[in-house]
Each structure stands twice: as C-alpha cells, then as structure tokens.
Amino acid sequence: METILFLAHTEADGTLARAALETLTAARTAAAGLGDAELMVGLFGGKTQEGAAQTQGAGAKRILGVTGADFSQPRYASDAAAAEALCREAKASIVICPATSRMARVMSGVALRLGGKVDTHITGLKAEGGVLSVNRWYYRQRMEAVLQRTQRPWVLLLEGGCHEAWKGTGGTASVEAVALALPENCKRTVVEGLKAPANDQQTIRPDAGILLVAGAGWTKAQADGKAHVEDAEKIILDFLECAQASLGGSKSVVDLGGEGQAVLRFMTHLNQIGQTGSTPRHAKGLSTCCHGEEPHVVGWRFINERRAIDLDTNCGWAHGKADVLYVADAFEVMKKVNALLGAKA
Ligand SMILES: Cc1cc2nc3c(=O)[nH]c(=O)nc-3n(C[C@H](O)[C@H](O)[C@H](O)COP(=O)(O)OP(=O)(O)OC[C@H]3O[C@@H](n4cnc5c(N)ncnc54)[C@H](O)[C@@H]3O)c2cc1C
C-alpha cells in the first residue's frame, strides 16, 4: 500500500499558497486513484496551524508539522531537515510537493537522504490499476513523457497552474508536532531582508489572466521611416497596468539591448518566451509585433486562447498558430485598447 505525503512549506502568515493547494488536489487524485493509498499532510514553517486548517476535508489520515521560528525563513539546511523529518515520520512512499523555489531547492537532496528518487517539473498525475504515472515535458515542451517508478520513496515536484487549488471545508485542524532539534550548524544562514521590485515595476506576473507578448517590431522603423520606441514603451506599460497582464518578449526583442539598438527598457531576458525562454501558463495571450516563429510559439504551449497583431498577413500566427490574427498596426490597436481600458492619454 502506498503512503502519499503532501509536503509543503507555509507562508509567513502560516497559510498555504495557491501552488501548495493545487498540489494537494493532485495528491488527493493520486491517493483516490490508487485505491488503498493513505494520504498524509506534512507542513513546515514558522506557523502551520492556518495551513493545516486549509487542508481540512482533503481526507488526510494525519497532519504532521515541523513548526517554529527556525523554519520560518527559506534556508537549505533547516528546510531539508524539516522535509526529511516529515517524510520519515509519515513513512511516505510517494511525496508530492509544489515546485516553489523553496521546495525545488531542497527536495533532490531530501530524496537522496531518504534513499529515494526525485522527478521535477511534473505537470500531471494519473493512478490506474494501482500504478501511479506522472507527466513531464522534455526538450523545451516539445515532447511529453509519461513516467512510472518502482523505487520508493518517490519525490515529485509539481508545476503550478496544472490543477485546481483545493478548497478546504473550513474549521480547525490538529497538527501532530514532529520533534526536530535543529543543530546549530543548520542555522548559520540568516535571511536579513528581501529586495523586490515595486509592484508597478514588476512585469512578470505568473498569476495574471493574460500574457502580453511584445516582439521586435515595436522597436523597428514604422510607416514614417522612424522608430517610436518611447511610444511603444508607454503603450505596453499602460496595457500591463490596466489589464494587470504579465509581459513576455520574443528572443529578438530581449536580445536588442545587448546589440546596442533601441530597446524597451523594462524588457529583460527573464521575459523571453520560447524554446530558449520560458513556457508560462495563462488563460489568454496577445502577441504584438512578433512574427510568430516556431521557436517562439513553442513557448505558448500552455496559453489557452491565443491572439496576435501583426502587419504581415503571412506571419507565423497566420499559419494556424493563433486563434485570431489581427492584421493591423499594433501601435494603433493597442492605443485604442488602452483607451477602452481607461488608460490616461
Ligand atoms: C534554436 C533557436 C531557439 C530560439 N528560441 C527562441 C525563443 O526562446 N524565443 C523567441 O522568441 N525566439 C526564439 N528563437 C528565434 C525565433 O526563431 C525568431 O527569430 C524570433 O522569435 C523573432 O522575433 P520577433 O518575431 O520579435 O521579430 P521579427 O521576426 O523581426 O518580427 C517582427 C514582427 O513585427 C511586425 N511588426 C512591425 N511593426 C509592426 C506594427 N506596427 N504592428 C504590428 N506588427 C508589426 C513585423 O511584421 C514582424 O512580423 C530561437 C531560434 C532558434 C534557432
């Protein structure tokens, strides 16, 4: 019989973030599909009570916690020790975790300490006939594999945005404290503070409903023979603010800075979508001034509804890569869209 442990850290306020609640849904699905499997919850953090309450109704046999100030800040030594202690206490044969940076950093090491195996970037789980299979994409999301393993414990790190977040039934939960005396040499790293860009400078928003992708066309000479990069910057930033959209870029546009050409100042390599960039998950995507080349479009694999604006009737989007292509000037279209969304002129 498999023992499935849903393992996650809590946030500063003791609650579970959306990625963790999505993972709990997946862990329940796996436990239900395996039939006679037991589901356990393991939480660590400064506070765990609030997070445990969010798991109510999920059907966990035990809710285990490693709780205390030593576990409030992300730190390899203490996070790994807490995760290991919870896995051992649960006698977990399958450990399912959200792929947050905190969990992703420690779970390979924890799997090694437990004598198990780890698989990362899991996007789906299915249990049939008493066997668990997981899905993972390879070669920059071009090939999907279905994996099974016989070795236990088997640690799985689940990507965000692939499952519905678990909505607990409410009420309080009792957390069984797992004792863990953290040695002094596991406390040497101290988080002194966080530096993050102000909210209005943050252009990558994984939870946004829409992804706006800007291509190199925004920086190229337009009908009047001149480039209008300042206009482009205002149009793009206005849209991001009004729609609270996330910003992506094509490889060409993010590379321009390094080539000394006119650039969109807020566009970095972190924004790049595609084969050598990222593959974000959003309900909708709008591509602007981007040709829609295959190595770029492969990064749109998880965008459900795709629209594009391009001057070229023969661009990649026109070849079946977008649901709707507007053959139009993106400067004009987006100015109008922003006005409708209430942007200041
Ligand atoms: C191995 C490999 C990996 C790669 N990985 C990636 C990757 O990860 N991501 C990626 O993006 N690319 C990647 N590429 C590059 C990719 O093939 C393209 O070269 C790149 O995406 C082109 O960027 P672009 O469409 O912004 O620019 P361009 O090809 O220059 O297209 C600009 C577009 O803007 C349009 N335009 C101009 N002005 C306007 C206007 N006013 N209104 C509307 N449209 C306008 C033009 O019609 C044109 O279609 C990769 C290539 C290779 C070989």
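The following questions and answers go through a predicted model, from its domains to its strands and its ligand.

Residues are numbered from 1 along each chain as its sequence is written. The model is predicted, and local features need pLDDT of at least 70, side-chain atom pairs count only at pLDDT 80 or more, while totals for chains, interfaces and linings use all residues.

Biologist: How many Å separate the centres of domain 1 and domain 2?

Modeller: The domain assignment of the protein chain gives domain 1 as 3-186 and domain 2 as 199-341; such bounds come from an automatic or database domain assignment. Taken over C-alpha atoms, the separation of the two centres is 36 Å.

Biologist: In which order do the 5 strands of the open sheet stand?

Modeller: Strands here are DSSP runs (E, at least two residues; helices are H or I, at least four), numbered from the N terminus. Two strands pair if DSSP finds at least two bridges between them. The pairing in this sheet is parallel, and the order is β11-β10-β12-β13-β14.

Biologist: Which are the edge strands of that sheet?

Modeller: An edge strand of this sheet pairs on one side only. That holds for β11 (246-249) and β14 (324-327).

Biologist: Which residue of β13 is the bridge partner of Thr288?

Modeller: Strand β12 (residues 282-288) and strand β13 (residues 303-310) run parallel and are joined by 6 bridges. Thr288 has its partner in β13, and that partner is Ile309.

Biologist: Which residue in the turn between β6 and β7 has a positive phi?

Modeller: β6 (residues 131-138) and β7 run antiparallel, with 5 bridges joining them. One facing pair is Arg136 and Ala145 in β7. The two strands form a hairpin with 4 residues between them, and the residue with a positive phi, about 50°, is Tyr139.

Biologist: Why does strand β7 lie largely in the open?

Modeller: A residue is buried if 20 or more other C-beta atoms lie within 10 Å of its own, exposed if 12 or fewer, and partly exposed in between, with C-beta atoms placed from the backbone. Strand β7 has 5 residues (143-147), and it lies largely in the open because the number buried is 0.

Biologist: Which element supplies the largest share of the shell around the ligand?

Modeller: Of the 30 residues around the ligand, those that come nearest are Gly215, Gly217, Ser250, Lys251 and Gly274; near means a C-beta atom, placed from the backbone, within 6 Å. At least two shell residues each come from α6 (251-255), α7 (294-297), β13 and α8 (330-341). The largest share, 3 residues, belongs to α6.
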